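This briefing is meant to be read with the sequence and the coordinates side by side. After a short lead, the points are grouped by topic.

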Amino acid sequence: MSNTYLVEPDVGFIKEVTKLGGQDLKKCFQCATCSVACPISPDTKPFPRKEMLATSWGLKDRLIGNGDIWLCHNCGDCSTLCPRGAKPADVLSAVRSYAVSEYAIPKALGKAVNKPGLLPILLAIPAILFLVVGTLSNMVGLDWLSFAPQGAEIWQHDYINNLLVDTIMVPTFFAALAVFALGLKRFMADMHANALLEGKTTKEKIDPAGFVQALIKIIPTIFKHQKFSECGENKERATAHMMVLFGFIGLFIVTNCFFIAEWVLHIEGPYNQINPVKWIGNLGGIALIIGGGLMVAHRMSKKDQINSYKDWYLLGLVMGLGITGLLTELLRLGELHGAMAVTYWLHLILIWALFAYTPFSKLAHLVYRTVAMAYQEYSGRS
Ligand code: SF4
Ligand code: SF4
């Protein structure tokens, strides 16, 4: 097989990466210090020096379909040691952001999610959606929305019925899964095409069984954050990152448990405070707040690191979800019903934003990185 590669520079790609946080890219003079510093650089490939060169040449196709960019966990060791201040960690982060926007469709939504000026409109969509669908349900006698519920023990469901919540959330969740599935299909095809081009594999197609085996194999590495512990510069990020990851996993489990409790077992809420599932939910919320807070503190302390809107969007979402979730419960326990209903509505807006916009946001790295790690395991990258 021929390894001939036609260089087709994409100037638009260079400009976009520069805007996304890679503004120091051109300072690189290819000394390779970063490749020596990088804990994930293989012996046979000068990572990320090669990626710096490819970015400055505008080799978009070689980069966005390159699983290696996702193996980087932004530890910053390379940026600290770079003698030119080219910030390779930030350049790779910008390339990953570009890759997410490229694979997620519709692209217009991807662009909107990453424009700070459009954030109020993006949040207004779910805010209005709940009010409109709730009002329509009232008009046809379903009464999913109430502004002054009556009863002995009032909880958020009495204001915003769980049927209204699920009617809106479930299709949004599955739509986001579909966007991810389409993006990942293209991403995997590109990764494999690049691997073929570089002679890393000879198989024409990815073997699904082998890939699933590789996926299972890398899960402990992700849970234990083993790659983070190889960092020299930003080791402490592992704790915050782990808290946020396990916070989300805990809340996902809790949401599914309560979904089954309500619609399969027909157990009505509010659920008892000593219910263990509830405790997992509380711990998940606390983990999001503390983990998110640690991440914010870390970013503020790193004056030389570039903080883009994507970073703050994600941190705001993590903190917002944790705070509104816990506050809703505290306000319910304190019987401050009106404040509880408003806080719950805000919480639902953020959950909807989490589902709908994740395939376009920085949080998509959870999915792309996992798939890239599995592919690298599958293809035997050292
Ligand atoms: S990014 Fe910095 S350390 Fe890496 S090759 Fe370029 S100049 Fe050298
Ligand atoms: S940020 Fe860390 S993992 Fe990423 S390229 Fe630099 S040294 Fe390697």
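A residue is called buried here when its relative accessible area is under 20%, exposed when that area is over 50%, and partly exposed in between. By that criterion Glu51, Met52, Ala54, Thr55 and Ser56 of helix 3 are buried. The model is predicted, and every value below is computed from it.

**Helix 3 and its surroundings**

- The buried residues of helix 3 pack against four other elements, namely helix 1, helix 4, helix 5 and helix 7.
- Just after helix 3 comes Gly58, whose phi is positive at about 75°.
- On the other side, the loop between helix 2 and helix 3 holds Pro48, and the peptide bond that leads from Phe47 to Pro48 is cis, with omega near 5°.

**The shell around ligand 1**

- Ligand 1 is surrounded by 14 residues, of which Cys28, Cys31, Ala32, Cys34 and Cys82 are the closest.
- Two elements, helix 2 (33-37) and helix 3 (49-56), each give two or more residues to the shell around ligand 1.
- By residue class, the shell around ligand 1 is made up of ten nonpolar, two polar and two charged residues.
- Gln30 is placed in the loop between helix 1 and helix 2, and Gln30 has a positive phi of about 60° although it is not a glycine.
- Is Gln30 buried, partly exposed or exposed? Gln30 counts as partly exposed because its relative accessible area is 24%, a value that falls between the limits of 20% and 50%.

**Nonpolar cores**

- The largest nonpolar core contains 45 residues, and within this core Trp70, Phe187 and Tyr368 have the most contacts.
- Among the elements that give two or more residues to this core are helix 1 (11-19), helix 3, helix 4 (60-64), helix 5 (68-71), helix 11, helix 12 (208-224) and helix 17 (365-379), while helix 7 supplies the largest share, eight residues.
- Leaving aside residues up to four places away in sequence, Trp70 touches Arg96, Ala99, Val100, Phe187, His365, Tyr368, Arg369 and Ala372.
- Another core, of 40 residues, lies apart from the largest one, and its members include Ala104, Ala112, Trp144 and Tyr344.

**Helix 11 and its ends**

- Which span should helix 11 have, given its 36 residues at 1.5 Å a residue? The expected value is 52 Å, and the end C-alpha atoms of helix 11 lie 51 Å apart, so the two values agree.
- At the N-terminal end, helix 11 is capped by Asn161, which has a side-chain oxygen 2.7 Å from the backbone nitrogen of Leu163.
- Asn162 belongs to helix 11, which covers residues 162-197, and Asn162 is buried because its relative accessible area is 11%, under the 20% limit.
- Setting aside residues up to four places away in sequence, the contacts of Asn162 are Trp155, His157, Glu262, Trp263 and Tyr344.
- Helix 11 is followed by Gly199, a residue with a positive phi near 75°.

**Helix 8 and the loop before it**

- Pro106 lies in the loop between helix 7 and helix 8 (107-113), and the peptide bond from Ile105 to Pro106 is cis, with omega near 0°.
- Val113 is a residue of helix 8, and Val113 counts as buried because its relative accessibility is 1%, under the 20% limit.
- With residues up to four places away in sequence not counted, Val113 touches Leu122, Tyr309, Tyr313, Tyr357, Phe360 and Ser361.
- Between Val113 and Ala178, which are 65 residues apart in sequence, the C-alpha to C-alpha distance is 18 Å.

**Further local points**

- Asp143 is placed in the loop between helix 9 (119-139) and helix 10 (156-159), where Asp143 has a phi near 55°, a positive value in a residue other than glycine.
- Val212 is part of helix 12, and Val212 counts as partly exposed because its relative accessibility is 43%, between the limits of 20% and 50%.
- The C-alpha atoms of Val212 and Ala240 are separated by 28 Å, and the two residues are 28 residues apart along the chain.

Methods
Residues are numbered from 1 along each chain as its sequence is written. Chains are lettered from A and ligands numbered from 1 in the order in which they are written. This is a predicted model: local features need pLDDT of at least 70, side-chain atom pairs count only at pLDDT 80 or more; totals for chains, interfaces and linings use all residues. Side-chain values use heavy atoms; hydrogens and water are left out. Buried means under 20% relative accessible area, exposed over 50%, partly exposed in between (1.4 Å probe, protein chains only). Contact means heavy atoms within 4.5 Å. The expected span of a helix is 1.5 Å times one less than its number of residues. A polar contact is a pair of N or O atoms within 3.5 Å; within protein, one must be able to donate a hydrogen and the other to accept it, and residues adjacent in sequence count only if both atoms are side-chain atoms. A residue is near a molecule or strand if one of its heavy atoms lies within 4 Å of it. Ala, Val, Leu, Ile, Met, Phe, Trp, Tyr, Cys and Pro count as nonpolar, Asp, Glu, Lys and Arg as charged, and the others, Gly among them, as polar. A nonpolar core is a set of buried Ala, Val, Leu, Ile, Met, Phe, Trp, Tyr and Cys residues joined through side-chain atoms within 4.5 Å.
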